[in-house]
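Good morning, colleagues. Please take a moment to look at the sequence and the structure before I begin.

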Amino acid sequence: MRHRFPAQPDFQIVPIEKIRLPLKSRDELPPILAGLQWLWTHPTLRTEILALLEAAVLAGKQATGRTGMDLWQILVLGVVRLGLDADWDRLEDLANHHLLVRQMLGVPATPWGADAKVVARQTLRDNVALVDDAVLREVNARIAAAGREVFAKRGGAPLAALEVKVDTYVLETDVHFPTDLNLLWDAGRKCVDLIEKYRGQFGYALPGWRKAKEWRRQLKRCERIASQIVYRGGPNKEARVKRAVRDYLAVGRELSAKVYASLLDLCDQPVDRAHWEALEYFHRMLAKHLGLVQRRLLQEETIPAHEKVFSLFEPHTEWIQKGKQRPNVELGHRLLIATDQHQLIQDYDTPVGEADVDQSVPVADRLLGRYGAGSLASLSFDKGFTRTEDRELLSLYVPTVVMPKRGKKNAAELERESDQKFVALRQQHSAVESEINSLEHHGLNRCLDMGLPGYLRYVGYGVMSYNLHVIGRELLAREWARAKPARLAA
């Protein structure tokens, strides 16, 4: 069974609250560890968060069996991974060989008389993925609320009302740029790869695939020739395109028929359902893109947006154009963040398939529901969120709503947007771009986890890591300032 954290004291282990962190390091790791140390020593936050993790990870499981990774260790590793923008190999090295990380995990750095406890790479991946998006949202809400206390004025003064800035940017999925031609190649090669794997690794009887590698080479050769002709110039381009595409489609159709026959053969064998479904999915994508390539390049049709797939491996990926020059197209999802005056992310969301203009009321509703009426001093948006009825509704609950109007303004709108407080808050709104830049440089630029659940989990860990980094950076700066007299005396 799992524990919340190492319960038995060990003289080889430094208590987490007594870990000494470097105060002037310019690396990202010490502030993250300082934030985790603050979470550990908080009078109520640690208990609440570990209870949430326990309810999610141990739901429906018996309190028996082999001891798994502690819940605290899962939290630490998920935060460190995103905070350092580390891949699993680097995280494995940190978890097994970095002194401060191992102290934060609550394991001995160098146990006496025994080999040091090590964590395998696959164990890291499996355990960090146990926490889902819903739990991370609850955890992040509690950290953001408690983090306000760190920046509160001393002397028991009440917390200042929130001055919230809202914006979105695109967190990309880990996909290549899609074209009909290379998506057809992706589908074909995956069919061949899966059949080779099933024949070799699982011993399924699939006759007729002795020249599987040749099928792969032939399909790739046709794809390369067709792509070079389509995306380059030259004389008689249209005729050459049609000839190359017909050759490509002929090979693809032959391969599709062969894969279909193998799918029928698998139906007569004791096959793992997941294997059959994986092959059936890529065969279905192969057939789909054979049709799309023919319609677009031979019949010169315009393909409707709802029929397009932008990645076979991340089918939830959206094609997003935000009007920027570079890049003019981004592949992923919009990530909405709402930051306060202390740079903490107080709310976030991933509105899949929705536009910015539909997000202003939901984000205000979530913040008011969490902190209560009167908790928001201001809400600022850019022009992409502007909608007159939404601004009027928000003005009933928030004293100052900064939502600049697009296009020409009448006299009343000019007067409203010329107000001194409106102008000041609009100028301060650009600070949210700094937080977005920080997120992009600390993991939330391109999602490396697969599937939409993995994408949402990646966002949750990234926001948590960012907030703990901001809190830890403030605490280390204060500690350095307190140590200044001792340094001068020395």
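**Cysteines, helix contacts and cores**

Let me begin with the cysteines of this predicted model. The sulfur of Cys191 has its closest cysteine sulfur in Cys267, 15 Å away, which is too far for a bond. Seen from the other side, Cys267 has Cys191 as its closest cysteine partner, again at 15 Å and too far for a bond. A disulfide requires the two sulfur atoms to be within 2.5 Å. Over the whole structure, the search finds zero disulfides. As for their surroundings, Cys191 is buried, at 0% relative accessibility, whereas Cys267 is partly exposed, with a relative accessible area of 47%.

I turn now to the chain as a whole. It contains 18 helices and seven strands. Its C-alpha atoms fill a box of roughly 80 × 80 × 45 Å along the principal axes. Of the 490 residues, 47% are buried. If we consider contacts between residues at least 6 apart in sequence, 70% of them join residues at least 24 apart.

Next come two helix pairs. Two packed helices are described by the angle between their axes and the distance between the axes. How do helix H2 and helix H7 cross? Helix H2, residues 45-57, and helix H7, residues 133-150, have axes that come within 10 Å and cross at roughly 175°. H2 is therefore roughly antiparallel to H7. On the H2 side, the contact is made by Leu45, Glu48, Ile49, Leu52, Leu53 and Ala56. H7 contributes Val135, Glu138, Val139, Arg142, Ile143 and Ala146. By character, the residues of this contact are nine nonpolar, three charged and no polar.

The second pair is helix H3, residues 71-83, with helix H6, residues 121-128. Their axes also come within 10 Å, and they cross at roughly 100°. H3 is therefore roughly perpendicular to H6. Here Ile74, Leu77 and Gly78 of H3 meet Leu124, Asn127 and Val128 of H6. The residues of the contact of H3 with H6 are four nonpolar, two polar and no charged.

Let us move to the interior. In soluble globular proteins, nonpolar side chains tend to be buried together. In this model, the largest nonpolar core has 72 residues. Which of its members touch the most others? They are Leu36, Trp38, Leu39, Trp72, Ile143, Leu444 and Met464. Helix H17, residues 451-482, gives the most to this core, with twelve residues. Leaving aside neighbours within four places in sequence, Met464 is in contact with Leu75, Val79, Leu136, Val139, Asn140 and Ile143. Two of these partners, Val139 and Ile143, also take part in the contact of H7 with H2. There is also a second, separate core of 40 residues, which includes Leu194, Ile195, Val251 and Leu255.

Finally, I would draw attention to two loop residues. Asp85 lies in the loop between H3 and helix H4, residues 88-97. Its phi is near 50°, a positive value in a residue other than glycine. At 40% relative accessibility, Asp85 is partly exposed. Asn236 lies in the loop between helix H9, residues 212-230, and helix H10, residues 237-267. The phi of Asn236 is near 55°, a positive value in a residue that is not glycine. Is Asn236 buried or exposed? Asn236 is exposed, with a relative accessible area of 61%.

Terms used
Residues are numbered from 1 along each chain as its sequence is written. Side-chain values use heavy atoms; hydrogens and water are left out. Buried means under 20% relative accessible area, exposed over 50%, partly exposed in between (1.4 Å probe, protein chains only). Axes are lines fitted to C-alpha atoms, for helices over the stretch in contact, and angles run from 0 to 180 degrees between N-to-C directions. Helices (H or I, at least four residues) and strands (E, at least two) are DSSP runs, numbered from the N terminus. Angles under 35 degrees count as roughly parallel, over 145 as roughly antiparallel, 65 to 115 as roughly perpendicular and the rest as oblique. Contact means heavy atoms within 4.5 Å. Ala, Val, Leu, Ile, Met, Phe, Trp, Tyr, Cys and Pro count as nonpolar, Asp, Glu, Lys and Arg as charged, and the others, Gly among them, as polar. A nonpolar core is a set of buried Ala, Val, Leu, Ile, Met, Phe, Trp, Tyr and Cys residues joined through side-chain atoms within 4.5 Å.
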